[in-house]
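I opened this model to look up a few local features and to write down what I found. The entries follow the order in which I went through them.

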Amino acid sequence: MSETSLDYDLVVVGSGAAGLSAAVTAAHHGLKVCVVEKEDAMGGATAWSGGWMWIPRNPLAQRAGIHEDIETIRTYLRHELGERYDATRIDAFLEAAPQMVSFFEAHTVLQFADGNAIADIHGDTPGAGTGGRSVIAAPYDGRALGDTLHKLRRTMPDTAFLGMPIQAGPDLMAFLTCTCSLRSALHVGRRVSRHLWDLVRHGRAMQLVNGVALIGRLAKSAVDLGVDLRVSSPARHLLIDNGQVRGVIVETSKAEVTLKARRGVVLAAGGFPNDEQRRKQLFPRTPTGREHWALPPESANGDGLTLGESAGGLVDTSLYSPVAWAPVSRVPYAEGHEGHFPHIIDRGKPGVIGVLANGQRFVNEAHGYYDYVDAMLKAVPDGEEVASWLVCTHRFQRRYGLGITRPAPVPFRHWIRKGYLKAGRTLEELAAQCGIDPQGLRRTVDEYNVHARQGEDPAFGRGSTPYNRKQGDPTHRPNPCVAPLDEGPFYAVKVVPGSFGTFAGLKTNHHAQVLDAASIPIPGLYAAGTDMASIMGGYYPAGGINLGPAMTFGYIAGLHVAGQR
Ligand SMILES: Cc1cc2nc3c(=O)[nH]c(=O)nc-3n(C[C@H](O)[C@H](O)[C@H](O)COP(=O)(O)OP(=O)(O)OC[C@H]3O[C@@H](n4cnc5c(N)ncnc54)[C@H](O)[C@@H]3O)c2cc1C
């Protein structure tokens with residue numbers, strides 16, 4: 001076999017959750033598997049993610065005594081997805097998702113921790129869960145990866161603390177309360193001192209949590225099963241023979257290499273969040289394709305969709321939203337480099353509100369990240385820049401942080417000097433700094449404060465659902481999501497539309513096979529993760545609805561290609 005042509009049973013394009021899930025599943029069932037990754041590090045958006053997976057009826061919930069009827073989950077999704085509810089693919093997901101978790105638990109180093117206290121986003125919808133539908137990869141010690149560690153993407157710098165990922169839940173809570181609790185201070189002290197030692201010793205974070213733990217554990221599982229993991233190997237073309245996909249041609253620094261795939265190819269290249277052309281065609285309020293600040297790495301720029309189309313696959317654009325919206329602020333780093341910060345945890349805390357340029361609120365800020373941007377797009381009049389401002393007091397900033405500015409004792413004033421954080425002694429001064437209508441902002445805050453002093457938000461109902469309350473501060477009474485903005489100085493951060501990834505993608509069936517224009521499976525071609533049109537129809541009913549299906553349909557594709565389904 002020459003080095004320019006290699007033979008496998010399965011070739012997977014992309015090394016995120018979906019690709020590695022497919023690879024590990026197929027390799028466990030005896031297939032010879034290769035994963036090709038465009039970048040010099042594996043993990044894609046998954047490695048930068050919070051790592052939460054929506055897996056209703058998962059084994060960890062079952063073991064904790066949470067037993068839900070599958071019909072309750074269907075009810076929730078039917079109400080959330082409306083006419084875009086695809087019963088066949090939803091059932092495939094609901095049935096295979098718990099099996100996927102059991103499979104990895106039993107046969108690989110991918111072990112999980114539960115999210116039994118995490119509620120679905122829309123608590124008012126029939127069938128909404130109050131817990132037991134989420135899992136996350138258990139923390140992982142990077143040292144267990146051996147040489148493979150060097151092929152692992154580092155944590156997203158914007159969301160990390162000194163390069164160290166922090167896990168939502170007790171870990172994050174300890175960081176937020178380290179100035180007022182000895183227990184938290186000890187936890188933070190242990191985490192930070194171990195991290196500093198790891199930086200000296202290994203040059204990177206080694207206490208892997210969140211998405212990077214998921215990728216670390218999947219990558220180790222793949223290595224254990226003999227999967228060939230090839231970084232710096234972008235897939236450029238599919239090998240197609242008589243309508244059947246038979247392999248992939250990748251480009252390396254030395255030559256083009258043909259990777260033949262006897263059984264199939266899985267496209268898992270991370271969708272198109274960074275493809276300006278497709279954004280321009282598909283995203284609302286994005287006239288040039290550039291009015292969008294995507295969070296995933298640059299490499300997620302539509303290659304999987306283009307490869308799928310080259311074999312006759314169709315991109316499904318009929319979803320309610322083509323994109324998984326995330327509210328983002330633009331972070332000015334040194335030398336003109338810009339980061340994108342996802343506002344996931346600050347919006348629901350007590351003492352912050354979101355306003356438009358007219359100074360008015362437009363949404364329950366403690367609802368989901370997707371809901372915030374969806375509401376912003378609807379509320380900003382046509383022709384105006386789609387943007388809003390998160391406004392808070394000095395006390396709020398020091399207690400919880402705002403955007404990339406961290407809470408006490410971490411210094412924050414350099415962010416004012418850089419122009420990221422706007423500041424004013426009064427609301428009017430702050431409004432002038434931001435370009436917000438000062439009278440509008442004053443009126444909004446005065447009205448909001450009247451009720452906020454009683455812990456109420458009659459305008460938008462902050463704190464009205466279990467999800468809201470989880471986003472708030474459990475120690476704040478009476479409403480964990482509501483506090484007045486009554487004492488300056490005040491701060492604000494500008495928030496613009498960004499995304500966790502894309503929802504539009506290749507049309508597939510319940511086996512993750514890519515479908516052609518006649519809805520017939522293209523022989524040998526699968527798609528999973530964000531290359532596959534989201535089963536959620538363009539809606540965002542729960543945290544983890546990207547990674548849960550990505551892991552599950554990767555698993556389904558792996559089983560199908562191995563003849564196990
Ligand atoms: C900050 C952040 C937080 C998030 N938190 C969550 C969360 O908690 N829960 C959740 O469900 N979702 C979350 N998401 C979204 C989620 O991470 C993504 O939807 C998911 O990781 C996509 O997985 P994937 O396997 O499809 O693609 P990715 O993980 O993006 O992997 C795709 C890989 O394919 C590679 N690639 C691209 N083109 C080629 C090519 N031509 N050849 C070879 N390789 C190629 C890319 O370089 C990349 O490494 C978050 C996203 C971000 C950015």
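What follows are my notes on the ligand site, one aspartate and a small sheet.

Before starting, I noted that this is a predicted model, in which local features need pLDDT of at least 70 and side-chain atom pairs count only at pLDDT 80 or more, while totals for chains, interfaces and linings use all residues. I also noted that residues are numbered from 1 along each chain as its sequence is written, and that side-chain values use heavy atoms, with hydrogens and water left out.

**Ligand site.** I looked up the shell around the ligand, counting a residue as near if one of its heavy atoms lies within 4 Å, and found 36 residues, of which Glu37, Thr46, Ser299, Asp303 and Leu547 come nearest. I then went through the polar contacts, meaning pairs of N or O atoms within 3.5 Å, where within protein one atom must be able to donate a hydrogen and the other to accept it, and residues adjacent in sequence count only if both atoms are side-chain atoms. A polar backbone atom of glycine 43 is 3.4 Å from an oxygen atom of the ligand, and a backbone N or O atom of tryptophan 52 lies 2.8 Å from a ligand nitrogen. Serine 299 places a polar side-chain atom 2.7 Å from a ligand oxygen. The ligand taken alone exposes 1,000 Å², of which the protein buries 97%, by the Shrake-Rupley method with a 1.4 Å probe.

**Aspartate 473.** I found this residue in the loop between helix α16 (466–471) and strand β19 (490–502), where helices are DSSP runs of H or I of at least four residues and strands are runs of E of at least two, numbered from the N terminus. Aspartate 473 is buried, with a relative accessible area of 4%, the cut-off being under 20% with a 1.4 Å probe and protein chains only. Aspartate 473 touches Lys349, Pro350, Arg399, Tyr400 and Pro480, leaving aside residues up to four places away in sequence, with contact meaning heavy atoms within 4.5 Å. Its side chain makes a polar contact of 3.3 Å with that of arginine 399, and its C-alpha is 6.9 Å from that of proline 350, although the two are 123 residues apart in sequence.

**Small sheet.** I traced an open, antiparallel sheet of three strands in the order β3-β5-β4, with pairing taken as at least two DSSP bridges between two strands. The edge strands, each pairing on one side only, are β3 (53–54) and β4 (112–114). Three bridges join β4 to β5 (residues 134–137), and phenylalanine 112 stands opposite alanine 137 in β5.

How values were computed. Buried < 20%, exposed > 50% of the residue type's maximum accessible area, 1.4 Å probe, protein only.
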